Amino acid sequence: MVQGSHRRARVMGFVWAIVDAVVWVLAIYVTRLILLGFSVGVFSTGLALAAAVAFVAHLVIGHLVGPYAAGHIRRSFDEVLALTVTVLLNSIGLFAWSLFHEGMIPRGTGPTAGASALIVMFALRFAVRTYRAHRTRERAGERRALIFGSDGAGRRLLHNVIHDESSKITPVGLFEDDRSKQRIEGYRRLGTRQNLAAVAMRTEADTRIIALPNADSALLRDLSERASEACLEALILPPPREIIGGRPTPGDLRRKPVHLDTSMIKRQLTGKRILVTSAGGSFGSELCRQIAQFEPGRLIMLDRDESGLQATQLSMTGHGLLESDDIVLANIRDTEALTHIFECTRPEIVFHAAALKHLPLLEAYPLEAWKNNVLGTLNVLEAAARVGVEVFVNISTDKAANPTSVLGYSKRVAKRLTAGFAACDHGRYVSVRLGNILGLRGSVVHLFREQIERGDPVTVTHPAVKRYFMLIPEACRLVLEAATIGREGEVMVPEMEDQVKIVDVAETMIRMSGRHDIEITFTDLRDGENLGEELFAQEEGRRKTEHPLVDSVGVPPISTTQVTSTSFLSHHAAAAWMGGEATTAVHHQAVAG
């Protein structure tokens, strides 16, 4: 598909180059007739030679510096600037040529023909864009959408919806409270939010796109409620920092905004001593930033990565001096160090985000998964229980629902350990099951971006592989919400959009980069990897919670002694089990209990 797009882009560039060069020939012909008062013949040797020079010069200049270069992004300001420079250089060259070949064409032919040609070139592009916009309206898309928000990101989104042939959204009109904005990309403003229902009925719209990435929660809630009253599905454009490639596309739209009960979260977090493990990681650092907004009494940030801790402190305080007692360097595998830290800080709330997460490496080194994800989690749980923690939140993964990999098995045991502490300790212990989080170090977004920047092929394991995706800020907000509503021992499962094909993410990033020389290669599925993921295991009982975007499931607890007893599983047996080499009986005992 990407190779096809590359070929189409090159063909379209060639077609536009020929069209623009022909426009130059016609402009020279018409200009000569006007300047000489129609007193000369239609054709002459000088005219033909000048036209040939302009034709060839436009193709050469346009290919080198103008809008026909291979990596050029058409339908952009860059195209306008490049086309103008190309015509200007050709005009100057034609004027200089007329000085040295006096009598062939009038000296004013170059500037006059250049200005005329440029106007015609822009007019042709405008006509093509208008035709495409009308064709998009008539396209049988899956959704007929009214779009609210026409500034910045909204304009770019509408532009991409129109020109993306794979888009399943058909715009039918705009909604804008600002009455001065009447038409964008050929689409009219049909009204304000007050008359949404009537216009939706008249246009047969079934979707409303809220293209206001920086809107406050009150406005988003009002717009969503009005869309619901009009029987429209509301799609939300997320903040710019959460958009892949920085340019909004139809694939960035979400079904629902995440509305937090900030009053409940504030009551739980404000003034409390809170500890976050893996605070130097991408997810843990964002979690710390969001927690800090609720003014905790103390925020202890723990990680074994000193550079990560410094980056987190820099993002929160503006400096990375690492002199604060709240910056703690420790490894969750170190039982003695964790015990000392917890006794000194005595946290009331713990968010446990530390884990090894790379599936292929854990398949190769299963004992590391056992030591870190299982025993490391056990160390944090025991240290928290000793100081009487009030709330313990364990960050889990969708790969633990029906595990087929070492990562999934290890996180499932960690989740069952958390439920085990909930059964015997007075604190509230919950887990939160998240999908793949875009933006984490090592995520596909970072990998694809680096490959694209280097000009290397983008590697995808399989054309059909797909995953649930969340963005770091969204996932952190739901973790905070789950910490307030989760019951003892439960696993909170946020609602997620449909699974997204990894190859679609790759194609979007390549397209948004503006490069047409990047290919996609498939490397085949790795050990323990599935084509898709599941959010719920068959044996789990699913229930609704107070939050419309969060469900919960039960999980069978497992005790500390079951994990640490040598009669249950030695370290070497654990490595074999995590590597998938154990018998079915051991699998059943370790995972199902």
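**Entry 1: the nine-stranded sheet**

I began with the open sheet of nine strands, whose order is E9-E8-E7-E10-E11-E12-E17-E21-E20, with mixed pairing. I note that the model is predicted. I then asked which strands stand at the edges. They are strand E9 (327-329) and strand E20 (542-544); each has a single partner strand, so one side of each is left without a neighbour in the sheet. For the twist, I found that neighbouring strands of this sheet are turned by 25° against each other on average, direction ignored.

**Entry 2: the E9 edge**

I looked up how E9 is held by strand E8 (residues 298-303). The two run parallel and are joined by three bridges. I recorded one residue pair here: Met 301 has Ile 327 in E9 as its bridge partner. Helix H10 (residues 306-317) lies across E8 and E9, and I noted its direction as about 150° to E8.

**Entry 3: helix H16 on the sheet**

I next traced what helix H16 (residues 472-485) lies across. The strands are E10 (349-352), E11 (391-397), E12 (428-434), E17 (491-494), E20 and E21 (550-553). Relative to E12, H16 runs at about 150°.

**Entry 4: helix H13**

I checked the span of helix H13 (residues 366-386). Its 21 residues reach 29 Å from first C-alpha to last, close to the 30 Å expected at 1.5 Å a residue. I also looked for a bend and found a kink of about 30° in H13, centred on Leu 375. Is H13 enclosed or open to the outside? Of its 21 residues, 15 are buried, so H13 is largely enclosed by the rest of the structure. After H13 comes Gly 388, and I noted that its phi is positive, near 70°.

**Entry 5: cysteines**

I searched for disulfides and found zero in the structure. I then asked why Cys 476 has no bond to Cys 288. The Cys 288 sulfur is the closest cysteine sulfur to that of Cys 476, but the 8.9 Å between them is too far for a bond; the cut-off for a disulfide is 2.5 Å. Cys 476 is buried, with a relative accessible area of 0%. Cys 424, by contrast, counts as exposed, at 66% relative accessibility.

**Entry 6: the chain as a whole**

I closed with totals. The protein chain has 20 helices and 21 strands. Of its 593 residues, 51% count as buried. I also looked up the contacts between residues at least 6 apart in sequence, and 75% of these join residues at least 24 apart.

How values were computed
Residues are numbered from 1 along each chain as its sequence is written. This is a predicted model: local features need pLDDT of at least 70, side-chain atom pairs count only at pLDDT 80 or more; totals for chains, interfaces and linings use all residues. Side-chain values use heavy atoms; hydrogens and water are left out. Two strands pair if DSSP finds at least two bridges between them. Helices (H or I, at least four residues) and strands (E, at least two) are DSSP runs, numbered from the N terminus. Axes are lines fitted to C-alpha atoms, for helices over the stretch in contact, and angles run from 0 to 180 degrees between N-to-C directions. Contact means heavy atoms within 4.5 Å. The expected span of a helix is 1.5 Å times one less than its number of residues. The bend at a residue is the angle between axes fitted to the seven residues ending there and the seven starting there. Buried means under 20% relative accessible area, exposed over 50%, partly exposed in between (1.4 Å probe, protein chains only).
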